[in-house]
Amino acid sequence: MTGVSNYDLAGKRVFVAGHRGMVGSALVRRLASENCTVLIADRRELDLTKEEPTLRWLEANRPEVVVHAAAKVGGIAANNNFPVEFLCDNLEVELNVIRASHTIGVQRLLFLGSSCIYPKYAKQPIAESELLTGPLEPTNEWYAIAKIAGLKMCQAYRRQYGDDFISVMPTNLYGRGDNYHPDHSHVPAALIRRFHEAKLAKAPTVTVWGTGTPLREFLNVDDFADACIFLLKNYSSDLPINVGSGNELTIADFAAAVAEVVGYEGKLLFDTSKPDGTPRKLLDSSRIRALGWRANTSLRSGLASAYEDFLKGYGRHLEVPAAS
Ligand code: GFB
């Protein structure tokens, strides 16, 4: 069940489910340098929450490889406020995509999970073996349960039918094409936007959620897409595999780094009425490193290019105020 494959993507038809999201669009960019055919489907053409149309689309388009990057995602507030969507929509899409991929006999499927599948107080850095060893972080348990179910589906299809379905668990991601919704985004996009707007408004202070003390590890999405392609070619196992950068810092230090990149010089305030979430979430990425992959974007250069893309209007929920 565990081992290294030497899978050749050349000439393959690769379906990226969720190609409009930050991760899906990074995967499409990365796959452009592989000699394969990338398949995508717009939401109007294919609703992945519907079982029958999903199967029909896959039957008609016959991918040999499926990358499951379609998910309802969001930051700590969105997770907390929309438990039904984060649980049910994600479960529906996972069932439909994974089951239909089995039915049409895809050669390889890569399922994208999240570091929030691990227990709130997991031993740090978090090894893959920490899965299901303790209670989850309550702000995102709905999303975490859906992602755990997805990875279990991959394991079940592998165990019962020998399907070569694998799961990857990224740490906190940021980068091009993020969601800049003021309340529903993750911390990198939220702070890029907030500092940019404060800079333009010459605001003396910016408010950061929580105490600023939680520790997070940040990985650039283009590095993550590269890791996914690496794993598609080199990894075959029923064990999920972590992908992190080792770039860990407190939210206060992260906020200061974003402020510097954006060029905001005012003061940071912390709103402790907002949730901190899990106190620390550093992945143990030694397994993927042992296979020969590592992240190569520094946090500073990654944030600088994310800010550049934000200014160009790449991303969702963006009405960037023009500089005066
Ligand atoms: O990025 P974030 O929402 O994800 O928040 P999580 C990370 C930390 O940044 C938390 C703080 O401690 C937040 O309180 N933070 C500070 C902010 N200011 C802000 C802000 O303006 N917006 C946001 N969003 N946070 C998510 C999960 O947890 O991790 C998801 O909810 C997913 O399901 C993702 O798994 C990777 O790391 O707390």
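**Group meeting: a walk through the model**

Let's start at Arg30. Setting aside residues up to four places away in sequence, Arg30 touches Ala225, Asp226 and Ile229. Keep in mind that this is a predicted model. Arg30 belongs to helix α1, which covers residues 22-31. Its side chain has polar partners. The side chain of Asp226 makes a polar contact with the side chain of Arg30 at 2.8 Å. The side chains of Arg30 and Glu34 are joined by another polar contact, of 2.9 Å.

Now the strands. Take β3, residues 65-68. Which way do its side chains point? Val65 and Val67 point one way, Val66 and His68 the other way. All of them are buried.

What does β3 pair with? On β1, residues 13-17, the two strands run parallel and are joined by four bridges. Phe15 is opposite Val66 there. With β4, residues 108-112, the pairing is again in the parallel sense, over four bridges. Here Val65 has Arg108 as its bridge partner.

Next, the cores. In soluble globular proteins, nonpolar side chains tend to be buried together. The largest nonpolar core in this model holds 38 residues. Which residues have the most contacts inside it? Phe15, Ile98, Leu109 and Tyr118. You have met Phe15 already, facing Val66 in β3.

Which elements give two or more residues to this core? They are β1, α2 (51-61), α4 (83-104), β4, α5 (141-161) and β5 (165-170). Helix α5 provides the largest share, seven residues.

Look at Ile98 on your screens. Leave out its neighbours within four places in sequence. Ile98 is then in contact with His68, Leu109, Phe111, Gly150, Met153, Cys154, Tyr157 and Phe165. His68 is one of the buried residues of β3. Leu109 is another of the residues with the most contacts inside the core.

There is also a second, separate core, of 33 residues. Leu31, Val168, Ile229 and Phe230 are among its members. Ile229 takes us back to the start, as one of the residues that Arg30 touches.

Last stop, Gly263. Where does Gly263 lie? In the loop between α8 (251-262) and β11 (267-271). Why does Gly263 count as partly exposed? Because its relative accessibility is 38%, and partly exposed covers what lies between the buried cut-off, under 20%, and the exposed one, over 50%. Along the chain, Gly263 and His196 are 67 residues apart. In space, their C-alpha atoms are separated by 8.0 Å.

That's the tour. Questions, please.

Methods: Residues are numbered from 1 along each chain as its sequence is written. This is a predicted model: local features need pLDDT of at least 70, side-chain atom pairs count only at pLDDT 80 or more; totals for chains, interfaces and linings use all residues. Side-chain values use heavy atoms; hydrogens and water are left out. Buried means under 20% relative accessible area, exposed over 50%, partly exposed in between (1.4 Å probe, protein chains only). Two strands pair if DSSP finds at least two bridges between them. A nonpolar core is a set of buried Ala, Val, Leu, Ile, Met, Phe, Trp, Tyr and Cys residues joined through side-chain atoms within 4.5 Å. Contact means heavy atoms within 4.5 Å. A polar contact is a pair of N or O atoms within 3.5 Å; within protein, one must be able to donate a hydrogen and the other to accept it, and residues adjacent in sequence count only if both atoms are side-chain atoms.
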